[in-house]
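Biologist: I am new to this structure and would like a close look at one part of it, taken slowly. Could you walk me through that part and say what surrounds it along the chain?

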Amino acid sequence: MDRKVVIFDHPLIQHKLSILRNTETSTKDFRELVNEIAMLMTFEATRDLPTEDIRVQTPCGVADCKQIAGRKLAFVPILRAGLGMVDGCLKLVPSARVGHIGLYRNEKTLQPVEYYCKLPKDIEERDVFVVDPMLATGGSAIDAISQIKLRKPRSIKFLCLIAAPEGLEALEKAHPDVDIYAAGLDSYLNENGYIVPGLGDAGDRIFGTK
């Protein structure tokens with residue numbers, strides 16, 4: 001399947017994203033909005049899951065239905081901000097496993113430094129969704145996906161709330177086989193590597209450490 005980039009234009013996602021950006025939005029509301037947007041994005045990102053025909057007994061007869069055809073999923077948040085998206089994803093796919101990759105950004109070089117990686121043991125049987133609210137320089141996403149590829153999953157998709165053109169270009173170049181989903185594509189990165197206009201530090205706003 002050809003790699004694709006999806007920038008969402010759904011009115012619900014765009015409305016919630018506008019509230020998310022607002023500096024007056026509380027930590028509680030910010031956290032809830034991140035989960036709601038993640039859930040809506042997961043709905044679209046799982047659209048191509050294969051299905052199979054089944055017959056179901058209803059109270060009034062037998063219905064010809066569809067069910068997902070034996071695919072196992074895993075959501076892998078990039079710590080720490082990615083944790084804010086996981087609950088929303090799991091609301092749609094509660095049977096999915098959750099892995100974790102810990103990265104922090106060197107403030108001088110802006111490059112990611114890995115400090116933790118824990119993935120499901122059967123990751124090679126799973127379709128993986130890497131989640132992180134911000135795709136800024138792309139370094140963290142590129143490194144996380146590289147680490148997951150070493151374990152040979154069935155497929156990888158990347159979900160973020162906001163992407164910068166620089167990060168999107170870098171991720172596409174490093175991993176041309178990975179589908180990318182973003183709720184918004186912003187203008188540029190500033191001299192500190194933050195997305196403009198963005199929404200600030202997603203981790204700080206999710207966990208109230210701003």
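Modeller: Lys152 lies in the loop that runs between helix H4 (139–149) and strand S10 (155–163), where helices (H or I, at least four residues) and strands (E, at least two) are DSSP runs, numbered from the N terminus. This is a predicted model, in which local features need pLDDT of at least 70 and side-chain atom pairs count only at pLDDT 80 or more, while totals for chains, interfaces and linings use all residues. Residues are numbered from 1 along each chain as its sequence is written, and side-chain values use heavy atoms, with hydrogens and water left out. The phi of Lys152 is near 55°, which is a positive value in a residue other than glycine. With a relative accessible area of 63%, Lys152 counts as exposed (over 50%, with buried under 20% and partly exposed in between, for a 1.4 Å probe and protein chains only).

Strand S4 (residues 72–79) offers a contrasting view: 7 of its 8 residues are buried, so S4 is largely enclosed by the rest of the structure. S4 runs parallel to strand S8 (residues 126–131), to which 6 bridges join it, given that two strands pair if DSSP finds at least two bridges between them. Within this pairing, Phe75 stands opposite Phe129 of S8. S4 also pairs in the parallel sense with strand S6 (residues 100–105) over 2 bridges, and there Ile78 faces Ile101. Another 2 bridges link S4 to strand S5 (residues 97–98), again in parallel, with Arg97 as the bridge partner of Ala74. Beyond S4, the peptide bond from Leu79 to Arg80 is cis, with omega near 0°, and Arg80 itself sits in the loop between S4 and H3.
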